[in-house]
Amino acid sequence: MPDASDQEYVEYVTARLPALRRLAYALCGDTDQADDLVQETATRLYLRWARIGEVGRLDAYVRAVLVRHFLDTRRRGWWRVHLFGGPPDVRSTEDRGAEERTVLRDALAKVPPRQRAVLVLRFLHDLPVDEVARTLGCSAGTVKSQTSHGLAAMRRLLGDRELAGRAGEER
Amino acid sequence: MRTDDEHVADRLRWLDDEPAGPPRVDLPGAIQEARRRRRNRRVAAAGAVALGVLAVAALPVALNGDGRAAPAPAASPNPSVRSPEPRPAGAWQGVCRAELLPVPGDSRATVVAGDPDGRWLVGRRAPHGQGRMDFGQLIWEGDRVREVELPGSMQQLRDVNRGGLAVGSSQTDGSGSRAWAVHDGEVVGLPMVTSGGATAVNDAGRIVGYREVAPGKPWLQRPVAWDSYRSQPVDLPLPGQRWDGTAVDVDSDGTVLAAMSDGSPDRPTRAVVWRPGAARPEVLPLPTVPGGKATTFFPASVAGGWVTGTAERDATVVSRDGLPRYAVRIDLRTGRAEVLPSVRWVGVSNGQGWLAGTLSGDVPGVIIGARSVKLPVPDGWRGDRQGSVTSFSDDGRVLGGKLESDDQVRPVRWTCR
């Protein structure tokens, strides 16, 4: 039975939907799975809705729910979370720079999930290290080392001559 | 940051686009699902299963103290005359080996539950079909495997007893869920007035689960019990008028365990037990966890008088996995509750109060007292040692579960001495 609290919930999630889908899409690289991630996040948020008071922390909280759920699904797969099926398929976007994005998204999808989450939160969502650490529930030091590993993995995966050359110089 | 790192980071920012097409996020659906989950936290919290019953001969059980014995299903042999599989004698040493269980065709599958001897294991395959909602069921007896199709979608066998009687549920089109029993490959719909599901069965053939109270409101459930798979379900008496929830397990002596809350969907989940012969259910006290009293307790299983489950305590700082969570074991004989250390996910307990599940690092393992034992991978297994345990025999010698690696998940049996 909808009540005032439900209405607030629906309004909040509706307003946050584009941002949540962007985050989910960046993490998993697949439209369907992105919507599954958001759907599950919305469900979990509702479970806690009555107990979430400070709206200032709400965005960070919802982001944390989504990212952790993403990491859970990558660790557990369908046998724990039925919404997900096989491995992520990487689809191209159809606008300008589509090819570049496809290559990037493809590479990002191959970075281990936790490093991927760190990269997405730090560089797509411009969150400071401390905030990323809070989101993932780990130390700032771990975020820094995961960033470094994630970027190294991206460099390797992109196989871009220019980048490979630079990386090679430092070895 | 190195120059090339900055370059990669810069390029990553190009990816901040919304997925094409309209969102198919369904908020009323999310609300409904959240409400349903409050009732069914057992599944949500442990990703798990109905489980274990106890390794002693089944006792006659009275539901409301009327002294009426629960008949065992005709198809289910009397467990007291079954001689158990030969097992190594002596103290449990915690030396285990793993073997992959046979699966016809696509090998991706997982064990969901087992009987107290570890002879029978039930599980399910990777989903297929539209929306990947169709789950083929598997029943192993020793090394033999049988495939079973349950009607509907989201099929899951949740428990099996020593007689090989398995119970579970599935979603049916439009009309909610259905409860099923499977014996000797034959699928039988459990008698049911409204929609509902079966979550556990003991060796006497008593089945427990839930029925949905009102059509279209799957989150409103009531715990029910069937004396046998041919009996009509009986509503279990509620702790209070507004309580709702589902039975999650039944002990060998007939004690029923349920996850319930007091009316409002925002009230925390509690453990409720019906002891054989008792006139009224008992709501178990919330256990004490680090920092104070738990705010909620999701019961997972009852075996040998031990209730195990997951306690949560509300906190302002949310950890990596949400609220701090603790594996808790409650002795129904004394009421004493204790937090079991080093368990990441509560999997299953056996009749001795031993717990198996997932330890840190997602490694499957066993907790016996203060001791934790990591379970091995089979010879030739490549990849991580990640997985979980969902079946634990009463003698501690046979465990069922799964191992995961990349896109693979395989059903596993561990045998220990």
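In this predicted model, the loop between helix H5 (113-124) and helix H6 (129-136) of chain A holds A:Asp126. The phi angle of A:Asp126 is near 50 degrees, which is a positive value in a residue other than glycine. A:Asp126 counts as exposed, because 10 other C-beta atoms lie within 10 Å, and the cut-off for an exposed residue is 12 or fewer. A comparable description applies to B:Asp184, which is not a glycine and yet has a positive phi of about 55 degrees. B:Asp184 is placed in the loop between strand S8 (176-183) and strand S9 (186-189) of chain B, and with 11 other C-beta atoms within 10 Å it is likewise exposed.

Chain A, to which the loop with A:Asp126 belongs, is built from eight helices and zero strands, so that its elements, read from the N terminus, follow the order α-α-α-α-α-α-α-α. Of its 171 residues, 44% count as buried, and among the contacts in chain A between residues at least 6 apart in sequence, 62% join residues at least 24 apart. Helix H7 (residues 140-158) of chain A offers a check on geometry, because its 19 residues, at 1.5 Å a residue, should span 27 Å, and the end C-alpha atoms are indeed 27 Å apart. Several residues of H7(A) are buried, including A:Val143, A:Gly150, A:Leu151, A:Met154 and A:Leu158, and the buried set also takes in A:Gln146, A:Thr147 and A:Arg155.

The confidence of the prediction varies along chain A, where the average pLDDT is 71 and 70% of the residues score at least 70. Confidence in chain A is highest in H5(A), at a mean of 87, and lowest in helix H8 (residues 161-170), at a mean of 34. Over residues 160-171 of chain A the pLDDT stays under 50, and the model has 11 contacts beyond four places in sequence for this stretch. Residues 76-96 of chain A also stay under 50, although the model has 47 contacts beyond four places in sequence for them. Where pLDDT is low, the predicted coordinates should not be read in detail.

Chain B has a secondary structure of three helices and 30 strands. Of its 417 residues, 53% count as buried, and among the contacts between residues at least 6 apart in sequence, 51% join residues at least 24 apart. Strand S6 (residues 153-160) of chain B is largely enclosed by the rest of the structure, because six of its eight residues are buried. S6(B) pairs with strand S7 (residues 166-172) of chain B in the antiparallel sense, over five bridges, and B:Val160 stands opposite B:Ala166 in S7(B). Five residues lie between the two strands of this hairpin, in which B:Gly164 takes a positive phi near 80 degrees.

Chain B also contains open sheets. One of them has four strands in the order S14-S15-S16-S17, with antiparallel pairing. Strand S14 (243-250) and strand S17 (282-283) of chain B stand at its edges with a single partner strand each, so one side of each is left without a neighbour in the sheet. Strand S16 (residues 270-274) of chain B is joined to S17(B) by two bridges, and the two strands run antiparallel; here B:Val273 has B:Glu282 as its bridge partner in S17(B). Another open sheet of four strands in chain B has the order S20-S21-S22-S23, again with antiparallel pairing. Its edge strands are strand S20 (296-303) and strand S23 (337-340) of chain B, each of which pairs on one side only, and the twist from one strand to the next averages 30 degrees. Strand S22 (residues 325-331) of chain B pairs with S23(B) in the antiparallel sense over four bridges, with B:Val339 in S23(B) as the bridge partner of B:Val328.

The nonpolar cores complete the description. In soluble globular proteins, nonpolar side chains tend to be buried together. The largest nonpolar core of the model has 88 residues, and those with the most contacts inside it are B:Val122, B:Ile207, B:Ala247 and B:Val256. Leaving aside residues up to four places away in sequence, B:Val256 touches B:Val208, B:Ala225, B:Leu236, B:Ala247, B:Val250, B:Val273 and B:Trp274. A second, separate core has 47 residues and includes A:Leu45, A:Tyr46, A:Ala64 and A:Val120.

Methods
Residues are numbered from 1 along each chain as its sequence is written. Chains are lettered from A and ligands numbered from 1 in the order in which they are written. A nonpolar core is a set of buried Ala, Val, Leu, Ile, Met, Phe, Trp, Tyr and Cys residues joined through C-beta atoms within 7 Å. A residue is buried if 20 or more other C-beta atoms lie within 10 Å of its own, exposed if 12 or fewer, and partly exposed in between; C-beta atoms are placed from the backbone. Two residues are in contact if their C-beta atoms, placed from the backbone, lie within 7 Å. Two strands pair if DSSP finds at least two bridges between them. pLDDT is the predictor's confidence in each residue, from 0 to 100. The expected span of a helix is 1.5 Å times one less than its number of residues. Axes are lines fitted to C-alpha atoms, for helices over the stretch in contact, and angles run from 0 to 180 degrees between N-to-C directions.
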